[in-house]
Amino acid sequence: MPALRPGTPAPNFTLPATPDQKVSLAEFRGNPVILSFYPADWSPVCGDQLALYSELHEDFAGFGASLLAISVDGVWSHLAFSKDRKYRGITLLSDFEPKGAIAKAYGVYRNGDGTSERALFVLDENGIVRWSYLSPVGVNPGADGILAALEEWQNERKPNYVPKKLRPADPRIRA
């Protein structure tokens, strides 16, 4: 099954964030969501990718977007990984049992090695995939595509909206 394409309703899920707390995609309806599937905690590329997203969490929040990062690692690995890396603004979710079930639903499970692809999805406020990207596993996809998809979504909702980072510093200067 190929990765979900734009225009597709995103499959709902409920996954553990901690040993005693689960997070459901449905909780985020009404706001955009960024889903970042990544192969494994503790790998260099995954660590760099999530560090970038942690640095950009205020930019994502400026669009009202939440970032959910999903791998097949267990919650204890996620907790140690997140604590060690001091990630902010990212909820790590465990697609551990049944292994990769959500990655499979999104078309990004790697049967050969039991991990997920490095895949990004931007969902709109109604849970529809607005943008998706499948990156080579060894390449950090960065955040440009995410930010462009969020800006496009925001512009469709509010045509005169100018993202904070593009607003002039001096209010007397017109954009």
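These questions and answers cover one helix, one central strand and the sheet of a predicted model. Residues are numbered from 1 along each chain as its sequence is written, and side-chain values use heavy atoms, with hydrogens and water left out. Local features need pLDDT of at least 70, side-chain atom pairs count only at pLDDT 80 or more, and totals for chains, interfaces and linings use all residues.

User: How far apart are the end C-alpha atoms of helix 1?
Analyst: Helices are DSSP runs (H or I, at least four residues) and strands likewise (E, at least two), numbered from the N terminus. Helix 1 has twelve residues, 44–55. At 1.5 Å times one less than the number of residues, the expected span is 16 Å. The model agrees, with end C-alpha atoms 17 Å apart.

User: Within what arc do the buried residues of helix 1 fall?
Analyst: C46, G47, Q49, L50, Y53 and S54 are buried (under 20% relative accessible area; exposed is over 50%, partly exposed in between; 1.4 Å probe, protein chains only). They line one face, judged by directions from the helix axis to the C-beta atoms. Seen down the axis, the arc is 165°.

User: Which exposed residues does the face of helix 1 turned away from its buried side carry?
Analyst: An α-helix has 3.6 residues a turn, so residues three or four places apart point the same way. On helix 1, the face away from the buried side carries the exposed residues P44, D48 and E55.

User: Which residues of strand 3 are buried on each side?
Analyst: Five of the five residues of strand 3 (33–37) are buried, so the strand is largely enclosed by the rest of the structure. In a regular strand the side chains alternate between the two faces of the sheet. Both faces of strand 3 are covered: I34 and S36 on one side, and on the other V33, L35 and F37.

User: Which residue of strand 8 does I34 stand opposite?
Analyst: Strands pair if DSSP finds at least two bridges between them. Strand 3 pairs with strand 4 (66–71) in the parallel sense over five bridges. With strand 8 (118–123) the sense is antiparallel, also over five bridges. In strand 4 the bridge partner of I34 is L67; in strand 8, I34 stands opposite V122.

User: Which are the edge strands of the open sheet?
Analyst: Five strands form the sheet in the order 5-4-3-8-9, with mixed pairing. Each edge strand pairs on one side only. They are strand 5 (90–94) and strand 9 (129–135).

User: What angle does the direction of helix 5 make with that of strand 9?
Analyst: Helix 5 (144–157) packs on the sheet, touching strand 3, strand 8 and strand 9 (heavy atoms within 4.5 Å). Axes are lines fitted to C-alpha atoms, for helices over the stretch in contact, and angles run from 0 to 180 degrees between N-to-C directions. The angle is about 170°.
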